[in-house]
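Here is a set of questions and answers for a reader who is meeting this structure for the first time.

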Amino acid sequence: MNYRDLGNTGLKISEVSFGTWAIGGSWGKVDDSEALKSLDQAIEKGVNFFDTADVYGDGHSEELLAKATKGKEDQIHIATKFCRGGDIFAKETYSLESVRTYCENSLKRLNREAIDLYQIHCPPTEILKDGQVFEVLDKLQQEGKIRNYGVSVETVEEGHICLRNPNVKALQVIFNIFRQKPLEVLIPEAEKKGVGILVRLPLASGLLTGKFTKAHTFDEDDHRKFNENGEAFNVGETFAGLGFAKGVELADELTWIANGRKSMATAALRWILDQQGISCVIPGFKNRQQIVENLKALEEKPFNAEELQTLRTYYEEKVKNAIRGPY
């Protein structure tokens, strides 16, 4: 395992870490026993950082992480998130009383005394512009309930708003071969300010594994079924905002990235890790095999300059204008 600085937090985290949305719910059927075995396997392989949220399975993924990291709390770092358990547009959701309650409930489920990285979970732009929530997080940090805080953002604009606050230590962004916009200005600016970058949805909801055909169907409780067009939350969280059919079509043109590499998925993760300013990627998983496969990205050969330029041109000419939703 390789470890990278999480901005200037002082934390060194595994460059391939894992998100736990899938084992909490909204990605189809999940088995708790397999989820726990998968977490154990990741930890055995050197993974020391996991991302979760209070709404993943209504706190279930936090509870699973508590079981998997019991006795290892000092070695395994956890980032969790808040706000989507309430009305994300209401100012009261971001009051000191509300956020303290969210935080304390997460701490109970995680069975921890402090949260390593506490993130606002994709709040509306206006909440970030208002900025009062950052004062609330400063207070919780002073109380010792959180060690660092950051923001999971939907757009580059929101990322820049967050970077104006010197106490924001990490940004979580959707970034992959299909969504390269953060690479232009946001990621370099974050690196300049010592702010960590966590990359979520690095495989674009599975599109960049190359395993889907247009005929594939998803379970009713899978967000790839119920949020394909942004029906439940931001459309960019599902298939990078491309829609399934368009995404499969575009992914089929990328199969070449696996040439001389282990798979299309590990190549897609390697592409992200090759970019300057990235702290870690946090792909999801539901079983041990997905842990093993994602960790193979560590062994992949880097992309050369010609390949990088080809992928940039591909994004500019074929992908960028097909992405729906705020970006």
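Q: What percentage of the residues of the protein chain count as buried?
A: The model is a predicted one, and a residue counts as buried when its relative accessible area is under 20%. Of the 327 residues of the protein chain, the share that meets this cut-off is 58%.

Q: How many helices and strands does the secondary structure of the protein chain hold, and what is its radius of gyration?
A: The secondary structure of the protein chain comes to 13 helices and ten strands. The globule rule gives 20 Å for 327 residues, and the value for this chain is close to that, so the chain is as compact as a globular protein of that length. The radius of gyration itself is 18 Å.

Q: Which residues of helix 12 are buried, and what arc do they cover around the axis?
A: Helix 12 runs over residues 288–295, and its buried residues are Ile291, Asn294 and Leu295. They lie on the same side of helix 12, because the arc they cover around the axis is only 95°.

Q: Which elements do the buried residues of helix 12 pack against?
A: Packing is judged here by contact, with heavy atoms within 4.5 Å. By that criterion, the partners of the buried residues of helix 12 are strand 3 (18–19), helix 2 (32–44) and helix 11 (264–273).

Q: Which backbone nitrogen does a side-chain oxygen of asparagine 287 reach at the start of helix 12?
A: A polar contact is a pair of N or O atoms within 3.5 Å. At the start of helix 12, the side-chain oxygen of asparagine 287 comes to within 3.2 Å of its partner, the backbone nitrogen of glutamine 289.

Note on methods
Residues are numbered from 1 along each chain as its sequence is written. This is a predicted model: local features need pLDDT of at least 70, side-chain atom pairs count only at pLDDT 80 or more; totals for chains, interfaces and linings use all residues. Side-chain values use heavy atoms; hydrogens and water are left out. Buried means under 20% relative accessible area, exposed over 50%, partly exposed in between (1.4 Å probe, protein chains only). Helices (H or I, at least four residues) and strands (E, at least two) are DSSP runs, numbered from the N terminus. The arc is that of the directions from the helix axis to the C-beta atoms. A polar contact is a pair of N or O atoms within 3.5 Å; within protein, one must be able to donate a hydrogen and the other to accept it, and residues adjacent in sequence count only if both atoms are side-chain atoms. The radius of gyration is taken over C-alpha atoms; the globule rule is 2.2 Å times the number of residues to the power 0.38.
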